[in-house]
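Visitor: Could you take me closely through one part of this model, going strand by strand and saying what pairs with what?

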Amino acid sequence: MTEIQRLQVRVFQDLEELSRVAAELITVLSKKSIVSRGRFVVALSGGSTPHRLYSLLGSPLYRDVIDWSRVYIFWTDERCVSKDHAESNYRLAHDAFLSRVPLPAQNIHRIRGEDEPGKAAEAYEDELRNFFSGPEAIVFDLIILGVGEDGHTASLFPGSSALDERMRPVVPVYFQEPKINRVTLTLPVLNHAAQILFLASGRPKAAAVHEIVEDGNPKQYPAGLVKPLQGSIMWMIDQEASSALARPFHTSVLNEQR
Ligand code: 6PG
């Protein structure tokens, strides 16, 4: 039996408009989750694209409309550096909004990038299992993801054995010097999310966006493997990142057989 997966693609004038709409969407999602489940559990990605969104969430406009006491923050991945390192995904979110909103410290579940990657992955897995109270139930209300020019997302890179992981929710990713080792959520967790928001901006992402959204080879473009089993997925892209799409999308809905 084929399932119809509804993949939404929304194109915005620029990263500013994309970020503002994303902040609005997150506000609405947080209210719905808190009303129905008493909490809003989010996994944040790193990289530069979400920085403006994170800054908006920390601004008075959104700081005062989201019930941060019911928001729980995790990360999709982390670089294996200290939490105050310039490359730290924790630091990115902390400086942009976590340090500016009334979110209880115990609601923040960072990946310990300062530890050995394998140990950091094990500790984060324990934290996930304790929080979600069971091996099967790691279900985020929202996961925010970016995409690299090579089609990677989180720290799931083309050709990585992490792409084949189906048991562990978190794995270490080792690189040869000088690249920094990482820790990442695996596809089973990403694909159990209730809502995925992919953010992509700029012409350098256009080819990957075309391959992933229209007809790519997912193995070559790992972001194309993110297909929530029950949840929804929306690609939020700006004009430049949409420039290689075969047809102009404007809040279009793609039905995809799978
Ligand atoms: C990270 C992210 C990574 C990021 C992409 C896109 O830790 O870097 O999780 O997957 O989303 O590399 O990065 P940019 O937004 O900087 O283009």
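**The open sheet and its surroundings**

Guide: In this predicted model, three strands make up an open sheet, arranged in the order E4-E7-E6 with antiparallel pairing. Strand E4 (77–79) and strand E6 (170–173) are the edge strands, and because each has a single partner strand, one side of each is left without a neighbour in the sheet. From one strand to the next, the twist averages 15°.

Taking one of these edges in detail, E6 is joined to strand E7 (residues 182–185) by four bridges, and the two strands run antiparallel; within this part, Val170 is found opposite Leu185 in E7. Helix H5 (residues 117–132) lies across E6 and E7, and its direction makes an angle of about 165° with E6.

Strand E8 (residues 195–200) offers another view of strand pairing. On one flank, E8 pairs with strand E5 (residues 142–145) in the parallel sense over three bridges, with Phe198 in E8 serving as the bridge partner of Leu145. E8 also pairs with strand E9 (residues 232–238), again in the parallel sense, over six bridges, and here Ile196 stands opposite Ile233 in E9.

As for its surroundings, E8 is mostly covered, six of its six residues being buried. The cover extends to both faces of E8, since Gln195, Leu197 and Leu199 on one side are buried, as are Ile196, Phe198 and Ala200 on the other.

Definitions and conventions:
Residues are numbered from 1 along each chain as its sequence is written. This is a predicted model: local features need pLDDT of at least 70, side-chain atom pairs count only at pLDDT 80 or more; totals for chains, interfaces and linings use all residues. Side-chain values use heavy atoms; hydrogens and water are left out. Two strands pair if DSSP finds at least two bridges between them. Axes are lines fitted to C-alpha atoms, for helices over the stretch in contact, and angles run from 0 to 180 degrees between N-to-C directions. Contact means heavy atoms within 4.5 Å. Buried means under 20% relative accessible area, exposed over 50%, partly exposed in between (1.4 Å probe, protein chains only).
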